[in-house]
Amino acid sequence: MPSLLIIILDGLMSRWTIGGSRGLISKSYVYDILGGVKTNPSRDIVLILCIAAGMDRKLVRRVLENYGHRDLYVKDTRDIIIATYINNQIYDLDRLNDELFRYGLATLNGQS
């Protein structure tokens, strides 16, 4: 059975999804995830793909859960910032990473 991320991203996958990841994830790695070759991407990679695809908060929660990752947590400053960007439909990863960096938090870097 294909994962939820594969189903969702298969419909949304286009140049802007990969381009929206701002080079944080290689195109081949994205296709490996979609093709089922990579079955356990890191939480950050899942978040990058969700943001690049312009997913809403509810869908991000479902995709994270589908991959066995915890939801964005309201008592975690980094997660609050990420959730705020998603809730406000600001899908600019450069801007989000600048904000995380400004607070001295780990950026979304696509490292698996």
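This is a short talk on one helix, two loop residues and some salt bridges in a predicted model.

I'll start with helix H7, which runs over residues 93–102. Which residues of H7 are buried? They are Leu93, Leu96, Asn97, Glu99 and Leu100. Looking down the axis of H7, you find these buried residues within an arc of 155°, so they line one face of the helix. The face turned away from that buried side carries exposed residues, namely Asp98, Phe101 and Arg102.

Now the two ends of H7. At the N-terminal end, Asp92 acts as a cap. One of its side-chain oxygens lies 3.0 Å from the backbone nitrogen of Asp94. After the helix comes Gly104, and its phi is positive, near 75°.

Next, Leu24. You will find Leu24 in the loop between helix H2, residues 15–20, and helix H3, residues 27–34. Is Leu24 buried, partly exposed or exposed? Its relative accessibility is 24%, so Leu24 counts as partly exposed; the cut-off for buried is under 20%. If we set aside residues up to four places away in sequence, Leu24 touches Ile48, Leu93, Asn97, Leu108, Asn109 and Gly110. Leu93 and Asn97 have come up already, among the buried residues of H7. There is also a distance to look at here: the C-alpha atoms of Leu24 and Asp94 are separated by 10.0 Å, and these two residues are 70 residues apart along the chain.

The second loop residue is His69. His69 sits between helix H5, residues 57–66, and helix H6, residues 77–87. With a relative accessible area of 19%, His69 is buried, because the limit for that word is under 20%. What does His69 contact, leaving aside neighbours within four places in sequence? The residues are Pro41, Ser42, Arg43, Val46 and Leu64. For Arg43 there is a polar atom pair to point at: its backbone nitrogen lies 3.4 Å from a polar atom of the His69 side chain.

Arg43 takes us to the salt bridges. Side chains of opposite charge can pair when their charged atoms come close. How many salt bridges does a search of the whole structure find? The search finds seven, and I will go through three of them.

The first on my list joins Asp79 and Arg43, whose closest N and O atoms are 2.9 Å apart. This pair links distant parts of the chain, since Asp79 is in helix H6 and Arg43 is in helix H4, residues 43–52, with their positions 36 residues apart. Both Asp79 and Arg43 are buried.

Next on the list, the side chains of Asp44 and Arg78 meet at 2.9 Å, N to O. Again distant parts of the chain are linked: Asp44 belongs to helix H4 and Arg78 to helix H6, 34 residues apart. Asp44 is buried, and Arg78 is buried too.

The last on my list is formed by Asp71 and Arg61, with closest N and O atoms 3.0 Å apart. Asp71 lies in the loop between H5 and H6, while Arg61 is in helix H5, so the pair ties together parts that are 10 residues apart in sequence. Asp71 is partly exposed, at 26% relative accessible area. Arg61 is partly exposed as well, at 35%.

Finally, a network. Salt bridges link Arg43, Arg70, Asp76 and Asp79. Arg43 and Asp79 are the pair from the top of my list.

Key: Residues numbered from 1 in each chain as written. Predicted model: local features only at pLDDT ≥ 70, side-chain atom pairs only at ≥ 80, totals over all residues. Heavy atoms only, no water. Buried < 20%, exposed > 50% of the residue type's maximum accessible area, 1.4 Å probe, protein only. Helix = DSSP H or I, 4+ residues; strand = E, 2+ residues; numbered from the N terminus. Arc of directions from axis to C-beta. Polar contact = N/O pair within 3.5 Å; in protein donor to acceptor, adjacent residues only side chain to side chain. Contact = heavy atoms within 4.5 Å. Salt bridge = Lys/Arg side-chain N within 4 Å of Asp/Glu carboxyl O.
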